[in-house]
Amino acid sequence: MNAKSKWLSVLDVVTIVLFLTATILVFFFAPMERVMGLVQKVFYFHVATAWIGMLGFFVAMVAGIIYLATHRTRQDAKKWDIVAVAGVEIGLVFTLICIVTGSIWARPIWNSWWTWDPRLTTVTIMELAYAAYLMLRAGIEDPERRARFGAVYSIVAFISVPLTFFSIRIWRTIHPVVIGSSDPSASGAFDMTPRMGLTFAMSLVSFSFIFITLLWHRIRMGYLADKVEQLKLRLTQ
Amino acid sequence: MDAPADTLNYFIAGYSVIFGVMLVYLISLFVRFRNLRQDEKTLEEMEDE
């Protein structure tokens, strides 16, 4: 697992090309929104980072379930713990970007850096819940126990993900609704021109590739960290 | 019709955060991976002795 796969190198190149394409579309192809001006363009990568943040937490939840289902019967169940950590770490980084860019967008549009709106509150709870996941793991020395506790935690913490996603439908909010904005119950909806739609779709695709690439790299690092931990344990015994 | 709001500074700030945080994370992955490789090498040498 330590040797870099040829396919990972190919994926690296594809991801860089897609990311550059999405960036060029945002900067030069997407039209400027006529009320908000240039800051509206933050929305393309803001939503894309939110998407892969939630995807990371979803991967962690699935890996946690598989770990708990297999750790008594399979020797290689540990790999699912490595996948879960990778998913959480990437999810945390991109959710942080999402929160900060949202705040920057809000300043000229809502005339405030922050408001305790349901969406902003639930996304903050989600970020803190997963930050606590890493703290929990850091406090447990026994690898098997750490993996078991981490798996249970990643499943329980996932409740915050659908809560965040649906918060703009469940409660009254000033946060714009992007997906399904034709729904009359969706408040703050806005329409996109075809150029905006294409840029948005490209942003989602490129960040999905970024997610897969980073996850693969982070899993490789997880295997290496596990090997180092095993070596340390052997030397201390 | 009114001109769009002048929000260039916020646009620059937003994309600086996006590119900056992603770059920091990539560097952190690279540094941690390199450190783990060094640890692995050192521990294997100690085990062989």
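Visitor: In which helix of chain A is A:W51 found?
Guide: We're looking at a predicted model here. Scan chain A for the run covering residues 42-70, and you'll land on A:W51 inside helix α2.

Visitor: Is A:W51 buried, exposed or partly exposed?
Guide: To count as buried, a residue needs 20 or more other C-beta atoms within 10 Å, while 12 or fewer makes it exposed. A:W51 has 19 C-beta neighbours inside 10 Å, so the label is partly exposed.

Visitor: Which residues does A:W51 touch, leaving out those up to four places away in sequence?
Guide: A:L128 sits 77 residues from A:W51 in sequence and 17 Å away in space, C-alpha to C-alpha. Contact means C-beta atoms within 7 Å. With residues up to four places away set aside, A:W51 touches A:L204 and A:F207.

Visitor: How are α3(A) and α1(B) oriented to each other?
Guide: Helix α3 of chain A spans residues 78-110 and helix α1 of chain B spans residues 8-48; their axes come within 9 Å and cross at roughly 170°. Angles over 145 degrees get one particular label. That's why α3(A) and α1(B) are called roughly antiparallel.

Visitor: How do the residues of the contact of α3(A) with α1(B) divide?
Guide: Contributors from α3(A) include A:V93, A:I97 and A:R107, and those from α1(B) include B:Y10, B:G14 and B:V21. Sorted by type, the residues of this helix contact come to 13 nonpolar, two polar and one charged.

Visitor: What ipTM does the predictor give the complex?
Guide: For chain B, the mean pLDDT is 94, with 98% of its residues at 70 or more. For the complex, the predictor gives a pTM of 0.92 and an ipTM of 0.92.

Key: Residues are numbered from 1 along each chain as its sequence is written. Chains are lettered from A and ligands numbered from 1 in the order in which they are written. This is a predicted model: local features need pLDDT of at least 70, side-chain atom pairs count only at pLDDT 80 or more; totals for chains, interfaces and linings use all residues. pLDDT is the predictor's confidence in each residue, from 0 to 100. Helices (H or I, at least four residues) and strands (E, at least two) are DSSP runs, numbered from the N terminus. Two residues are in contact if their C-beta atoms, placed from the backbone, lie within 7 Å. Axes are lines fitted to C-alpha atoms, for helices over the stretch in contact, and angles run from 0 to 180 degrees between N-to-C directions. Angles under 35 degrees count as roughly parallel, over 145 as roughly antiparallel, 65 to 115 as roughly perpendicular and the rest as oblique. Ala, Val, Leu, Ile, Met, Phe, Trp, Tyr, Cys and Pro count as nonpolar, Asp, Glu, Lys and Arg as charged, and the others, Gly among them, as polar.
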